[in-house]
Amino acid sequence: MKKLGLHEIRKEFLQFFQEKDHLIMPSFSLVPKNDKSLLLINAGMAPLKPYFTGEKTPPSKRVATCQKCIRTADIENVGKTDRHATFFEMLGNFSFGEYFKKEAIEWAWEFLTERLEIPKEALWASIYIDDDEAFEIWNKVIGLEENRIVRLGKEDNFWELEVGPCGPCSEIYVDRGEKYGCGSETCKPGCDCDRFIEVWNLVFTQYDKDEFGEYHPLENPNIDTGMGLERIAAVLEGASNIFEVEEIKKILKSVEDISGKSYGLDHKVDTSIRVITDHARAITFLVSDGVLPSNEGRGYVLRRLIRRAARHGKLLGIEESFLNRIIGKVIESWQIEYSQLKEREEHIKKIVKAEEEKFQETIHQGIEILEGYIEEMVNRDEKRLSGERAFKLYDTYGFPLELTKEILEERGLTVDEDGFNAHMEEQRTRARRARDSKDSGWKKGSPIEAIEGYGGLFKGYKHLDWETEVVAIFIDGDMVDGLGEGEEGIIILKETPFYAESGGQVGDIGYIRKEGFTGRVLDTKYTKDETIIHFVKVEEGSIHKGDRVFAIVDKRNRRNIMRNHSATHLLHRALKDVLGEHVNQAGSIVLPNRLRFDFTHYEAVRDRELSEIERIVNEKILESLEVKVIETSLQESEEMGVIGLFEDKYKDRVRVVQMGDYSKELCGGTHVNNTSEIGLFKIISESSIASGVRRIEAITGEAVYEYLLELERNIDHISHILKTNRNNTLDRVSSLVEELKEKEREIDVLKSKMASSLADDILKEKVNIDGVSLISYKVDNMDMNSLRNLGDELRNSLESGVIVLASVSNGKISFVSMVTKDLVKKGIHAGNMIREVAKITGGGGGGRPDMAQAGGKDVSKVDEALNLVPNIIKEQLK
């Protein structure tokens, strides 16, 4: 066999098929495009499905790729065996109705025997049980002996996913020799032993399987082949499994170096090393392709991989964050084919570091709680953890259910997954109810639920007033003939310039008028079937069904809304420019006085980044970019490079809002005609609203002017208080701050002297508990910082001892505990001690063995809590 490494095999394969007139396409992203049937790309042909089905025309009828893939169906087995992996690369050559079985088999044989120099006598083939055509090609054309062509059933030799292109296949196996076999005389491909390793699957795609399981013949049969790069590399290198392939061994070696553990000596250690080695590649490529950690979808897959790898690092004794060092090794090796890894290295490492550190914050506490659960289960002879407890670990400590399962399985225990799912559904139900309580449209049980079928054409993109006809009137969900003065109800118009709340933009307000009648429009919404309804309070006269009226939108209110909505588009683009293309809209609200924009990002936006984002938006406003609206098909909008915010909600015909050459988004809202109409843009706040989701609130136009006026007034007011003029305000404030610092230093000196004096008095209260010196004392009106300083003073005066102090200040209880090092060695733990003490007062806390602090709630139980300390010391000394 030819001695080629993993990267050389990839290059050799693609070059071979280029010589066979194949178009070499780069790997597609792991994130599927326009394919809701897949969470992540899991096969070489998956991104090419539209070409196989005829939905799209391929760029060439012959294509070859090396496709990144991720499969997580059996992630629990990754690490436990040396066969399973989440990330792999799939080499493949494809024909879209151009060549078929003969060429596919001949070229596979040629590549394996001539390019890779695998001995012909080591190769076997399997075929679908009744595929005589494939048998003839293998036997008559290739010359493979009949006894080395194995017929297998549908389970083995018919390739299909849940839906999509499928067909019979022929697999090529390498015979690794009798030493890997089971010893049976009938051992051949299909046997469960390790002797025959399948390296290449040739799928003869003749059918398209629909969601009902029906097979429909394809007009032009296709070829879809797949050869696992890591697996063929293992064969050529003589490695017994993929973890011993040279390039992957480099990653494994870095795990050994960081952990100080050796591979191949202990099964548990090997499992953890394999988990980290495998997951590091998957994590690197997922983040590179724009996936962010979250609690749903592909983001959850990434979070699960990072946290599983981090937890196995802990099992290896790695206490600090370490994944970025492993990821650096992945990038160093794989950038040869995927240059974007190096380009995005900083971004990848930032996201992984943020997620790993977030998990580090809770993993110790979470594992400690799970260990407590396990101890209880063992004592009660229980084998299954309750769903409620598993959900608490997930909801409070960020433990994916799969991680809890894995830890339990290591102890021979299980978890109540149905109970967990029930609690998860309860949480989702609560979230839906919370959304419903804020619902700006119809919801179940609402008086407007039954209002539908009236339509109502929207004229408000170009007109802010419109003569129209009243088609229906409702009060509390009941249809009525009319509304009189002082009454409130819902009016439906034949056509309307009023924008109904949708896409984050609030509904219009204004008036409906006719001679002798004025009705104030308080809000505008959609019903379930998108009928536009106007919430109206009659100020004068009466109105009836069939009346001709003038619908007049509040122009100032609408224009402010338009400014804010257009600003969200500029903001979205600026966020991507400054923070990265991983940023996507996660929600928004557009009001007349402000805008709120939620977006995906893994950390707080820095002040300098916010300043740059704000600068860019204002720059685009001052550039006076023309705002154009284009109605087109969804497919054409994608080709235009338009940003789609919630792509699964779009119809076939879509509305593109384009601002110069800077921003293009799908949007049904109302916008300014030119960005200059926005006036000014000012970010007011940036915050976190959920894991991986940030929120920016901002103002534009009139609101910015009012904001500046308020700042002016505040500066004047501050200047007046400081008894200085506006120009000297900053100097005056700086001077006062320095004076305060000096006073604080003087106060600290006095406090230190008082603490020394107080410490002398407290030391006289020292008692002996089983040979341990104990100071347990309550001090009045001390904050936590002062209490710690007093504790340090006391500890410095003791050669050996335990100190527990309590203080009540402004209704809050503070506890501090300290233990000298000699007593820590004897088993006394300050953190555990203060936790028990604080519990008595309804509080909590913890810390290190030598120093800890806590808070409490019930001030009446402070003495009772301190009286518990001697017993705790006795227990800890046992």
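Helices and strands are taken here as DSSP runs, at least four residues long for helices and at least two for strands, and are numbered from the N terminus. On that basis, L680 falls in the loop that joins strand 27 (663-666) to strand 28 (681-690). The structure is a predicted model, with a pLDDT that averages 89 over the chain and reaches at least 70 for 96% of the residues. A stretch to read with some care is 435-447, where the pLDDT is below 50; in the model this stretch has 15 contacts beyond near neighbours in sequence.

We can turn next to the interior. The largest nonpolar core holds 92 residues, and the members that touch the most others are L112, W138 and W200. Helix 8, spanning residues 267-288, is the element that gives the most to this core, with nine residues. A separate core of 29 residues lies apart from it, and includes A574, F597, I621 and M659. In soluble globular proteins, nonpolar side chains tend to be buried together.

W200 offers a helpful view of the surroundings of one core member. Beyond the residues within four places in sequence, the contacts of W200 include the aromatic residues F13, F17 and F111. Also in contact with W200 are A108, L112, I172 and M227, together with N93, S170, E171, T225 and G226.

Back at the loop that carries L680, the surface comes into view. L680 joins L708 and L711 in a nonpolar surface patch, and the accessible area of the three together is about 240 Å². L680 counts as partly exposed because its relative accessibility is 41%, a value between the limits of 20% for buried and 50% for exposed.

A neighbour of this loop is N618, a residue of helix 17 (residues 607-622). With residues up to four places away in sequence set aside, N618 touches L680 and F681. N618 is classed as buried because its relative accessibility is 15%. N618 and T675 are 57 residues apart along the chain, yet their C-alpha atoms are separated by 9.3 Å.

A further pairing across the sequence involves K826, located in the loop between helix 22 (821-825) and helix 23 (830-840). K826 is exposed because its relative accessible area is 56%. Outside its neighbours within four places in sequence, K826 is in contact with Q876 and L877. Between K826 and Q876 the C-alpha to C-alpha distance is 8.5 Å, although 50 residues set them apart in sequence.

Technical notes
Residues numbered from 1 in each chain as written. Predicted model: local features only at pLDDT ≥ 70, side-chain atom pairs only at ≥ 80, totals over all residues. Heavy atoms only, no water. Patch = residues over 30% accessible without salt bridge, like charges linked within 9 Å, V, L, I, M, F, W, Y side chains within 5 Å. Areas by Shrake-Rupley, 256 points an atom, 1.4 Å probe, with all protein chains shown as cover. Salt bridge = Lys/Arg side-chain N within 4 Å of Asp/Glu carboxyl O. Buried < 20%, exposed > 50% of the residue type's maximum accessible area, 1.4 Å probe, protein only. Core = buried A, V, L, I, M, F, W, Y, C linked by side-chain atoms within 4.5 Å. Contact = heavy atoms within 4.5 Å. pLDDT = per-residue confidence, 0-100.
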